[in-house]
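Me: I should be grateful for a close look at a single part of this structure. Please give the answer as one connected account.

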Amino acid sequence: GRFMPADVAAPKRQSLLESIKGVSKSEKRRAEAITQAKLLLEQAASAEPAEAVLLLTEAVSLRPGDAVYFEARARALHANGDPRRALYDWSMAVQLEPACLSHRMRRAAVYQVVDDPVRAIDDFTEAIRLAVGADAAPSTLGGIHAARGAA
């Protein structure tokens with residue numbers, strides 16, 4: 001094996017599919033879903049918020065167990081003026097990745113927007129616990145404490 005120029009120029013999707021030859025059909029479908037969801041995520045990054053929500057809804061349907069797609073759609077929903085639906089996606093992201101500090105912080109901020117200070121404080125408190133457990137920088141802890149105090 002030497003690399004041929006045609007091999008280098010092969011599209012990403014084709015090379016991915018060729019690399020999984022010999023695996024089961026369900027594994028191939030999973031790999032295709034991952035590839036498609038990643039492409040949708042890339043497209044959504046440069047789309048208007050309303051279009052991004054549609055693209056990311058498709059990505060979520062392809063990868064319902066992957067927090068990154070819920071996180072991206074939550075951001076798009078919030079940017080599109082729908083913080084209540086964004087809360088659902090932030091909650092899914094927290095459920096899928098409970099130790100993720102940023103999911104808690106962003107969901108807490110949206111709870112503030114929808115005037116639910118009790119839940120915002122709960123999320124900020126959990127974020128502090130996570131940050132202390134992760135040995136976060138003092139500036140991170142200070143920022144979380146300040147946000148919690150404002151809730």
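Reply: The account below takes up one helix and a residue within it, and then turns to a pair of packed helices.

The model is a predicted one. Helix α8 comprises 17 residues, from 117 to 133. At 1.5 Å a residue, this helix should span 24 Å, and its end C-alpha atoms are indeed 24 Å apart, so the expected and computed values agree. The buried residues in α8 are Ala120, Asp123, Phe124, Glu126, Ala127, Ile128, Leu130 and Ala131. As general background, an α-helix has 3.6 residues a turn, so residues three or four places apart point the same way.

Among these buried positions, Asp123 of α8 merits separate attention. Its relative accessibility is 3%, and because buried means under 20%, Asp123 counts as buried. Leaving aside residues up to four places away in sequence, Asp123 touches Arg104, Arg107, Ala108 and Tyr111. Just after α8, Asp135 adopts a positive phi of about 60 degrees.

Elsewhere, helix α3 (residues 25-45) packs with helix α4 (residues 49-62) at an angle of about 165 degrees, the axes being 9 Å apart. Angles over 145 degrees count as roughly antiparallel, and therefore α3 is roughly antiparallel to α4. Their crossing is left-handed. On the α3 side, the contact is made by Ala33, Gln36, Ala37, Leu40, Leu41, Gln43 and Ala44. On the α4 side, Ala52, Leu55, Leu56, Glu58, Ala59 and Leu62 take part. The residues of this contact divide into ten nonpolar, two polar and one charged.

Methods:
Residues numbered from 1 in each chain as written. Predicted model: local features only at pLDDT ≥ 70, side-chain atom pairs only at ≥ 80, totals over all residues. Heavy atoms only, no water. Helix = DSSP H or I, 4+ residues; strand = E, 2+ residues; numbered from the N terminus. Expected span 1.5 Å × (residues − 1). Buried < 20%, exposed > 50% of the residue type's maximum accessible area, 1.4 Å probe, protein only. Axes fitted to C-alpha atoms, helices over the stretch in contact; angles between N-to-C directions. Parallel < 35°, antiparallel > 145°, perpendicular 65-115°, else oblique. Left-handed = near helix turned anticlockwise from the far one by under 90°. Contact = heavy atoms within 4.5 Å. Nonpolar A, V, L, I, M, F, W, Y, C, P; charged D, E, K, R; others polar.
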